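This report looks at one part of a protein chain, beginning on a helix and moving from there to the strands around it. Please keep the sequence and the structure in view while reading.

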Amino acid sequence: MKILQVSTYFQPVIGGLETVVYNLSKALQDRGHEVHVLTSNLTLTQEKIDVERETIDDLPVTRTPCTKLRYGLEYPNSMDRSAFEGFDVVHLHAHLSPFYLIAARRAKEAGIPVLTHFMAIDGVKTHRNPGVRVFGSMFEGYSMKTHRNLIDVALAKSRGDYEKLTGPY
């Protein structure tokens, strides 16, 4: 199976999600799948990675130019549908960023099934910044409704998140 893993950040950025995407991709390769990674050209600082295509430990990585409005609000300057063509499935590793919404739309335009891993649904409601709580919650509501119409498979990290996914949002 030819699988496209989509994550806003990937190596050399090292964090929990980046490690999960890397380890899952390598495990899928070990089982005979062809795995590619689509990510942004962003780091957690204001630096940008100037390489569009590279290979990291036998994983083909494509970096799309993005603008970081703030962490969690990464917006691709361009993300063409052709980046998704030829894959059997697209696996989005989160839902709460314009990067993932646009990726889901482009994959569906290309006729590719989309699997989204929903992480920490409603997590922004407890953020320490009141602006993030208000506007983040508004964006998450929009994101949840939009994603549910674009994806084929939804994964949730907890029973509570699963119930939020299957109920009205």
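## A residue on helix H3

In this predicted model, Val134 has its place in helix H3. Is Val134 buried, partly exposed or exposed? Its relative accessibility is 46%, and because the range between 20% and 50% counts as partly exposed, Val134 falls into that class.

Val134 also belongs to a group of neighbours, since together with Phe135 and Met138 it forms a nonpolar patch on the surface, and the accessible area of these three residues together is about 340 Å².

## From helix H3 to its strands

Helix H3, which spans residues 130–150, makes a right-handed β-α-β unit with strands S8 and S9. Strand S9 covers residues 153–156, and its pairing with S8 is parallel, with four bridges between the two strands. Within this pairing, His117 stands opposite Leu155, which lies in S9.

## Strand S8 and its other partner

Strand S8 runs over residues 114–118 and is mostly covered, as four of its five residues are buried. Strand S7, made up of residues 89–92, is also joined to S8, here by three bridges, and these two strands likewise run parallel. Which residue of S8 is the bridge partner of Val90? That partner is Val114. Between S7 and S8 the chain passes through helix H2, residues 98–109, and this β-α-β crossover is right-handed.

## Summary

Strand S8 is thus paired with S7 through three bridges and with S9 through four, while Val134 on helix H3 is part of the nonpolar surface patch.

Technical notes. Residues numbered from 1 in each chain as written. Predicted model: local features only at pLDDT ≥ 70, side-chain atom pairs only at ≥ 80, totals over all residues. Heavy atoms only, no water. Buried < 20%, exposed > 50% of the residue type's maximum accessible area, 1.4 Å probe, protein only. Pairing = 2+ DSSP bridges. Right-handed = clockwise from strand over helix to strand, strands pointing away. Patch = residues over 30% accessible without salt bridge, like charges linked within 9 Å, V, L, I, M, F, W, Y side chains within 5 Å. Areas by Shrake-Rupley, 256 points an atom, 1.4 Å probe, with all protein chains shown as cover. Salt bridge = Lys/Arg side-chain N within 4 Å of Asp/Glu carboxyl O.
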